[in-house]
Structure formats: C-alpha cells, structure tokens
Amino acid sequence: MSTRENSYTEAEALNLLAQLERILDLDPLIDEVGFIHPSQFATLKEEIGDSLSLEDRVHESTSFWIRDHKLGISTQILIPVYKAAKHAFISALRQYKTPGNFSGKSQDDTLAIEVMIHSKALLLLSCDFATAWNSRKLIVSNKRLLPILMDELHLSALVLSYSPKSEQAWSHRRWVINMIARNCSTLQWIIERESELVEKIAERSKMNYRAWNHRCWLVSFMTREQVLDELKKSRNWSGLHVADNSCFHYRRRLMLRNLEGFCYTQDNNSSGYFVETYQIWKEELDWNESLIKQYVGREALWLHRRFLSMYLIKHMATHLLAVSCQSKPKASVDIDIDSLMDHELCLVHSCSTTIADANFEDFQAQAIHSAAYMLWLTKQIPEYQGIDIQEKLRAGVGDVTRMLKRSCPDRSSLWDYLVGYHSEP
Amino acid sequence: MGELAADKHVKYIISVEKKKDSFESVVMEHLRLNGAYWGLTTLDILGKLDAVDEEDVISWILKCQDESGGFAGNIGHDPHVLYTLSAVQVLALFDKVDILDADKVSNYIVGLQNEDGSFSGDIWGEVDTRFSYIAICCLSILQRLDKINVDKAVEYIVSCKNLDGGFGCTPGGESHSGQIFCCVGALAIAGALHHVDKDLLGWWLCERQVKSGGLNGRPEKLPDVGLLLLVGSFKLDHD
C-alpha cells in the first residue's frame with residue numbers, strides 16, 4: 001500500500017484536495033469523519049451507490065465516501081491529500097498575512113476564504129495542526145459574527161467526532177466561547193449545548209480528561225439555576241458510569257460552585273439558600289451510599305464520598321454554628337456531626353467486614369477503599385469537633401487497620417504509614 | 001535481571017528521526033521539536049548524544065524560532081511555549097544555551113503571563129498550569145526568572161490545588177499526575193514547595209499504584225509507563 005501512496009503525482013494530489021474541498025462545501029452539515037481502508041469502500045459502495053456526479057466517480061469511488069452527512073476518506077490517499085492541503089494552506093496564509101499584497105476589501109475576503117477552505121481540509125487530516133486553527137482564529141476575530149463563530153464550533157465538533165482527545169479542538173472551542181461571551185446573549189444556550197456535547201463524547205471516550213476539563217471550564221459561565229440543573233441532569237449518567245472519576249469530579253465542581261455562590265450571598269434569602277445547599281449535599285451523600293452498596297469496590301465512589309463528608313463537616317457545620325448559635329445550643333451542632341460520623345463508621349465497618357468471599361477482588365477493593373476513606377477523613381477533622389469524636393474515630397480506625405492488614409497484607413507498610421501520620425498532633 | 005538493550009534503543013530513536021513518510025509521522029510534524037527533546041534526552045541518558053549531528057540539530061532548531069522570540073514545533077509553524085521549552089532544553093543538552101538571545105526568548109514568555117499570574121501557551125490565550133511550569137522552567141534555565149511576577153505565578157498554581165492535594169490544569173480541574181508533576185515542579189523551582197500538602201498529595205500518589213505494581217495517572221485508570229516516570233520522580237523528590 002505504501003508504494004501506491006507515494007505514486008500520486010502532484011496534480012493528482014491537488015485534484016484529490018479539490019474533491020475533498022468540494023465535498024465539504026456541498027455538505028456543510030457533515031458531522032462525522034472517518035479514515036477507511038480502501039478494501040472497505042467496495043462494501044460501502046455496494047450498499048448505497050454514489051451520490052456524487054458522474055465525472056467524479058472514477059476517483060471518488062476509491063477515495064471518498066459520503067452519505068447521511070458522514071464522510072469517509074480512504075487511508076490510501078491521506079498522505080498526498082495532506083501534503084497538498086498543507087502546501088495550499090501555507091501558501092494562502094502567507095499571502096493573507098503579507099501586507100500590501102492585496103488592494104481593497106474584496107481581495108482580502110478572497111484570501112481569507114482561501115485560508116478557511118484549505119485550513120478546514122488540513123485540520124480534518126491533521127487535527128492538532130495548531131497553526132491552521134490559529135489562522136482561523138485570526139480571520140474570525142476580524143469578523144466576530146455569531147454564524148461564523150458557530151461554524152467554528154461545528155468544525156471542532158466534527159474533529160472531535162473521530163479525535164475526542166484533540167487538545168487543539170477543545171482549546172479552539174474555548175476561544176470561540178470566550179468570543180461569544182463578549183458579544184452575544186445566546187451564551188447560556190451555548191453553554192448548555194457544550195455540556196451536552198461533552199456528555200455525548202464522554203460516552204464514547206471514557207474518562208476523557210480534556211472533554212471533562214472542558215465541561216468543568218463551562219461551570220464558571222453558569223448561573224446558579226444552570227448549576228443546579230446540571231447537577232440534576234447529569235445524575236443519571238453518573239449513576240451509570242460509576243468507574244468514571246471524571247464525571248464525579250464534575251459533580252464536585254458544580255457543588256463547589258453552588259457553595260461559593262452561597263458564601264457570597266448576604267441577602268435575606270441566605271438561610272433558604274443554605275437549606276437548599278445542605279439538602280443537595282445530604283441527597284448526594286445518600287445517593288453515593290446507595291451506589292457504594294450496589295457497585296462494590298469502586299474507587300471513584302469512595303473518593304467522591306471523601307469530598308462530600310469533609311465539606312459537610314468543615315463548611316456546613318461552621319455555618320450551622322454561625323447561623324443557629326442564637327436559637328439553638330451548640331450541642332445540636334455536635335450532635336449532627338456526631339451522628340454523621342457514627343453513620344460513616346457503620347458504613348465503613350460493614351464494607352470492611354464483608355470480605356466474605358475473598359475470591360472476588362471487588363470485595364477486597366471495597367474493604368480497602370472504605371478503610372482508606374476513614375483514615376483520610378480522620379485526617380481532615382478539625383480539632384474543634386471535640387475529643388469524643390476523635391476517640392471514636394481512633395477506635396474505629398484501629399479496628400479498620402487490623403482488618404486491612406489481614407485482608408491486604410502486602411500493603412501493610414502503607415497502612416502503618418497512613419495510620420501513623422494521621423495520629424500525629 | 002536482564003540488561004538494558006541500549007544500542008537497540010539508540011537505533012530505534014535514529015530510525016524514527018529519519019522516517020518522515022508515514023502518515024503517523026506527518027501528522028506529528030507540528031510537534032517535531034518536542035519529539036526531538038524526548039529522543040535526544042534519551043540518547044543523552046544512554047551516553048549516545050553523539051549519534052546525531054549536533055550542528056544539524058541546532059541549525060534546524062534555530063530555524064524554528066519566530067520573530068516574537070518563541071519557537072514553533074517545526075519550521076514555518078506558529079510559536080508556542082511548549083516548543084520554546086523543548087528548544088531551550090535541547091540546546092542545554094548540547095551545552096549551547098548561550099547561542100540564544102536569552103532576553104528575546106524570555107520576553108516572549110514574559111509577555112504570556114496574565115494578570116492572575118497564569119500563563120497562556122501562546123497569543124491565543126489558552127491557560128493551563130503546564131504552561132506555568134514551562135515558563136518557570138524555561139526562564140530558570142535562561143537565568144531570567146526574575147523577569148516574571150513569580151509570586152503571582154505561584155498564587156495561580158496554588159489556586160489549582162484540589163481537595164485531594166493534587167493539581168489540575170485550571171482552578172477546579174481534576175487532579176492528574178501530569179499536571180501535578182508540572183505544578184510541583186514549578187513550585188519547586190520557584191522555591192514555593194511549602195504550598196504543597198506533602199502528606200495529602202503523597203497519599204494521592206501512593207493510591208496511583210495498582211495491583212500490578214504500575215502507576216496510573218488518575219483514579220480508576222490503567223497503569224502507564226509514562227506516568228511511572230512522572231509519579232515516581234515526584235515521590236523520589238519528596239522522600
């Protein structure tokens with residue numbers, strides 16, 4: 001196959017590029033691109049025939065396939081088309097950037113269009129070719145019209161359809177959204193769509209760091225209503241992807257954002273805001289517990305619980321104390337934390353002791369994660385919680401450590417270390 | 001225990017450098033300078049840096065420099081801090097950093113620091129703590145660290161610290177071993193390691209070790225040799 005790749009003449013390569021660019025122009029709604037081995041073209045052609053004009057059939061029957069807005073490109077032509085696209089792009093960009101090379105606005109537009117056409121073809125073949133993305137930013141920043149910005153979102157979504165981890169594609173989206181944020185009122189709707197796009201991509205590309213990072217980035221643009229809405233909407237998905245640490249991190253980001261919003265609210269509604277926030281936290285804890293019991297030994301669930309418990313104790317309790325110290329005695333705050341810790345100790349105990357069937361790794365993992373959770377939590381309890389709780393925890397931790405060493409002796413030095421440092425004054 | 005097949009590694013690196021015609025290599029043209037750094041560092045560690053023509057490499061690198069002072073990943077591409085650091089690092093391997101106009105290169109980087117102390121990767125504004133590390137590391141090699149607002153840079157990195165002691169790429173971003181390496185590295189160079197909660201972060205890093213003995217980059221992910229390097233080097237730093 002490599003000899004065939006090298007045997008395309010420059011003229012043939014240019015012809016292929018022209019075909020690709022015409023296909024992209026004729027169908028602006030293409031939403032998926034794939035590179036297909038030539039042997040698969042025959043099968044595809046059999047299924048549906050060709051939707052392009054007759055004179056093009058000779059080349060396109062083995063080079064491109066297009067149907068229902070899905071574009072297939074033969075792996076055989078990738079290198080020649082890439083080279084032709086790169087050459088055309090660099091040449092167009094050089095002309096566009098050279099001052100005095102044109103006279104008047106219309107020629108400027110023509111050159112800009114050339115750059116946009118060639119960069120699009122180039123990016124479909126080499127999606128992290130940053131210089132091509134940059135040239136589009138350069139041209140688009142001179143226009144700043146919403147339809148043009150939306151086109152950029154469409155192109156990057158197209159790239160992400162086959163390259164969901166493309167750093168440049170995600171980065172380009174953020175640049176576009178920042179442009180939109182400055183100029184348009186449709187931002188909230190765009191943020192919603194972005195969030196949905198990430199979820200769709202995350203379904204196909206598990207724990208995709210760049211995709212989830214993008215979704216976390218969107219949170220800073222969200223209103224409080226959107227934040228709460230996102231928490232609700234993303235719950236089902238999270239419940240079906242309990243090994244995906246990234247999706248739970250996203251939930252933490254949303255919850256923290258909500259909490260931040262509360263800290264800055266000084267108006268009369270603050271106690272209502274607080275109650276709602278507290279409720280959200282409690283519900284998340286209960287839901288997390290049900291998942292922990294249902295899906296045994298999932299690290300991501302336990303890590304989520306660390307965050308939930310810690311924040312409840314550290315931040316909610318502080319506020320409860322501040323707000324209710326006039327109407328309720330301090331003891332009631334301690335009671336709440338007390339019963340929370342009792343509950344957690346119970347949960348950890350039940351998870352650590354159910355190593356009934358040592359053949360299943362999941363049960364062992366559950367024991368380890370629950371014990372690590374308890375050790376970690378004790379590290380976070382601030383001193384003011386009182387001696388009772390500390391002693392209760394220490395007793396609980398002691399039990400847990402013994403169990404851990406029995407069930408997972410090869411990490412015994414780690415357990416010793418973690419227990420050792422957490423009991424330091 | 002077997003021996004490291006050093007000669008074979010050298011041969012492999014040289015062959016990759018020459019093989020420019022596969023599709024896989026053409027779609028990495030834009031980051032060739034990064035590839036050069038990884039390949040040449042390996043040769044250096046193996047004591048075989050002389051397997052390449054130093055003058056050839058250096059003259060190619062200099063052609064990658066843009067008028068802004070920054071370096072691109074290859075000739076004719078746009079500059080970015082990623083490649084600027086690689087360029088400086090490769091020159092450092094050959095002990096030829098002094099052929100650079102250090103002020104010019106550092107001005108490029110200084111110009112990318114934002115008001116909140118963060119660094120953009122290039123003029124298009126994308127922010128990431130990796131770029132903070134790159135800026136600090138690069139300026140440190142060029143001995144121009146005083147040209148940036150180091151306190152603000154540190155402040156920004158600290159704002160990316162998470163509840164689990166780890167660091168993400170922006171405030172609120174998920175902890176990731178790669179980002180942690182960059183943040184801790186940057187803080188170390190800036191003399192600000194006291195901001196790291198060593199015990200908490202150490203805990204997180206220990207939990208990256210999976211049953212097979214390898215290390216993953218984030219919870220629930222599979223172990224990865226590259227991450228073994230990052231996580232392992234951090235732990236050595238701290239013990």
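## Exercises on a two-chain model

A side-chain atom of Asp122(B) comes to 2.9 Å from the backbone nitrogen of Trp124(B). Such a polar contact is a pair of N or O atoms within 3.5 Å; within protein, one must be able to donate a hydrogen and the other to accept it, and residues adjacent in sequence count only if both atoms are side-chain atoms.

The model is predicted: local features need pLDDT of at least 70, side-chain atom pairs count only at pLDDT 80 or more, and totals for chains, interfaces and linings use all residues, while side-chain values use heavy atoms, leaving out hydrogens and water. Residues are numbered from 1 along each chain as its sequence is written, with chains lettered from A and ligands numbered from 1 in the order in which they are written.

### Exercise 1: the surroundings of Asp122(B)

Place Asp122(B) in its chain, decide whether it is buried or exposed, and list its contacts.

Step 1. Asp122(B) sits in the loop between helix 6 (102–110) and helix 7 (129–141) of chain B. Helices (H or I, at least four residues) and strands (E, at least two) are DSSP runs, numbered from the N terminus.

Step 2. The relative accessible area of Asp122(B) is 11%, so the residue is buried. Here buried means under 20%, exposed over 50%, and partly exposed in between (1.4 Å probe, protein chains only).

Step 3. Contact means heavy atoms within 4.5 Å. Beyond its neighbours within four places in sequence, Asp122(B) is in contact with Asn134(A) in the other chain and with Pro79(B), His80(B), Tyr108(B) and Leu112(B).

### Exercise 2: two loop residues of chain B

Compare the settings of Asp197(B) and Arg208(B), and find the backbone partner of each side chain.

Step 1. Start with Asp197(B), in the loop between helix 9 (177–189) and helix 10 (198–206) of chain B. Its relative accessible area is 31%, so Asp197(B) is partly exposed. The side chain of Asp197(B) has the backbone nitrogen of Leu200(B) at 3.2 Å.

Step 2. Check a distance: Asp197(B) and Lys211(B) are 14 residues apart in sequence, and their C-alpha atoms are 26 Å apart in space.

Step 3. Move on to Arg208(B), in the loop between helix 10 and helix 11 (225–238) of chain B. Arg208(B) is buried because its relative accessibility is 0%. A polar atom of the Arg208(B) side chain lies 3.1 Å from the backbone oxygen of Trp204(B).

Step 4. Not counting residues up to four places away in sequence, Arg208(B) touches Glu299(A) from the other chain, and its partners in chain B include Ser177(B), Asn216(B) and Arg218(B).

### Exercise 3: a helix pair in chain A

How do helix 8 and helix 10 of chain A lie relative to each other?

Step 1. Two packed helices are described by the angle between their axes and the distance between the axes. Axes are lines fitted to C-alpha atoms, for helices over the stretch in contact, and angles run from 0 to 180 degrees between N-to-C directions.

Step 2. For helix 8 (residues 146–162) and helix 10 (residues 187–204) of chain A, the axes come within 11 Å and cross at roughly 10 degrees. Helix 8 of chain A is therefore roughly parallel to helix 10 of chain A; angles under 35 degrees count as roughly parallel, over 145 as roughly antiparallel, 65 to 115 as roughly perpendicular and the rest as oblique.

Step 3. Helix 8 of chain A contributes Met150(A), Leu153(A), Leu160(A) and Ser161(A), and among the residues from helix 10 of chain A are Trp189(A), Ile190(A) and Arg193(A). By class, this contact has six nonpolar, one polar and three charged residues (Ala, Val, Leu, Ile, Met, Phe, Trp, Tyr, Cys and Pro count as nonpolar, Asp, Glu, Lys and Arg as charged, and the others, Gly among them, as polar).

### Exercise 4: positive phi

Contrast the settings of Met207(A) and Gln143(B).

Step 1. Most residues other than glycine have a negative phi. Met207(A) has a positive phi of about 50 degrees, and Gln143(B) has one of about 60 degrees.

Step 2. Met207(A) is in the loop between helix 10 and helix 11 (209–219) of chain A and, at 6% relative accessibility, is buried. Gln143(B) is in the loop between helix 7 and helix 8 (150–159) of chain B and, at 67%, is exposed.

### Exercise 5: confidence in chain A

Which helix of chain A has the lowest confidence, and which the highest?

Step 1. pLDDT is the predictor's confidence in each residue, from 0 to 100. Its mean over chain A is 82.

Step 2. Helix 1 (residues 2–6) of chain A is lowest, at a mean of 50, and helix 7 (residues 130–141) of chain A is highest, at 96.
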